[in-house]
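The following note sets out some points on side-chain packing and helix arrangement for a colleague's consideration. Please read it alongside the structure shown here.

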Amino acid sequence: MKKATFTLLTIVLVLQSFMVCAQTENYKKGLEAMQSNRYHEAMVRFTKVVEDEKFEISGKELSQAYAYLAVIRTAYLEKDLQNIKFNNIIAKQGQIQQTIQEMVRAVKFQDSNTKSMVDDSKQTLVEISSRALKVIGDSLMTYDENQANETTDFLARFAIQQFGELEGIAVDNWELHDILGLAHFFIGEDVNAMSEFKKGREQFSKLTEQPRSTLHLKNFIISANYYFSVENNKKETQNVCKEGSSYTSVLINSLNDNEMKEILRLNKIENRFRSYITRINDSNN
């Protein structure tokens, strides 16, 4: 019995030793492939390295493997999504999700040696993803958020599934938060929607110059209606309405006299914000 146990233990130790060697070998071959511009081979090698994460290579080497994987996948995605059209985004959905997941891991395991490389590639990925996500957001904006249908359900779930993890590494991207908030709202996930909208407003308020954005105005409209009509949260309603009213005024003042139709539309929205504030003030008296 003892002999059998010893034999089994020996086999396990040999297998573990082999796996460690295989991991080290894949790491070395991955570096060689990178240096020779054989990026697909490098990607395959580094993928095997991180899949064997439970075995021992140095933390520095593991960080580098994750970084190279993220860099390579981002470069491939940038090339494949040069044509940012909805059909192309749908066709590349698995690639998009995998690239974002690789970047999230690269950021998590980055060290002082890989941070610069990861940061540059992360910025590229955020820019690519933002353009792709904007296509989906623009489509959602053509629908009434209070009348969801099969199309909006598909668009919203697609946006969340493919790009949801991106917010963990792009916390300062207001547009990302606004679109994800809109997506959550369309599928009835109101709490998640309000959380994303709040993040969007916080980041937008930090901008030195605030752009004209119907998307961000929609953030204010939906949030104000929700806090006033659903949650009956007077404090949040007032905060959102004050910000929303100020932003709407900025939009109105940026228009020309020949854009009267849009001015009147925005005036109605601003009046709604002011009406909520007035009704709250009256109820407090």
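Which residues form one aromatic cluster? The points below begin with the answer; please note that the model is predicted.

1. The cluster is made up of Trp174, Phe204, Phe220 and Tyr247. Across the whole structure, a search finds 10 aromatic pairs.

2. Phe204 and Tyr247 constitute an edge-to-face pair, with 5.4 Å from centre to centre and 85° between the planes. Phe204 belongs to helix α9 (residues 190–204) and Tyr247 to helix α11 (residues 234–253), so this pair ties together parts that are 43 residues apart in sequence. Phe204 is buried, its relative accessible area being 2%, and Tyr247 is likewise buried, at 3%.

3. Tyr247 also pairs with Phe220: the ring centres are 6.0 Å apart and the planes stand at 40°, so the pair is tilted. Because Phe220 lies in helix α10 (residues 214–230) and Tyr247 in helix α11, parts that are 27 residues apart in sequence are tied together. Phe220 and Tyr247 are both buried.

4. A separate point concerns helix α2 (residues 39–51) and helix α3 (residues 59–80), whose axes come within 9 Å and cross at roughly 140°. Angles over 145 degrees would count as roughly antiparallel; α2 and α3 are therefore oblique to each other. Their crossing is left-handed.

5. The contact of α2 with α3 comprises 13 nonpolar, 2 polar and 1 charged residues. On the α2 side, the residues include Tyr39, Met43, Phe46 and Val50; on the α3 side, they include Leu62, Leu69, Ile72, Arg73 and Tyr76.

Key
Residues numbered from 1 in each chain as written. Predicted model: local features only at pLDDT ≥ 70, side-chain atom pairs only at ≥ 80, totals over all residues. Heavy atoms only, no water. Axes fitted to C-alpha atoms, helices over the stretch in contact; angles between N-to-C directions. Helix = DSSP H or I, 4+ residues; strand = E, 2+ residues; numbered from the N terminus. Parallel < 35°, antiparallel > 145°, perpendicular 65-115°, else oblique. Left-handed = near helix turned anticlockwise from the far one by under 90°. Contact = heavy atoms within 4.5 Å. Nonpolar A, V, L, I, M, F, W, Y, C, P; charged D, E, K, R; others polar. Phe/Tyr/Trp six-rings, centres within 6.5 Å; stacked < 30°, edge-to-face > 60°. Buried < 20%, exposed > 50% of the residue type's maximum accessible area, 1.4 Å probe, protein only.
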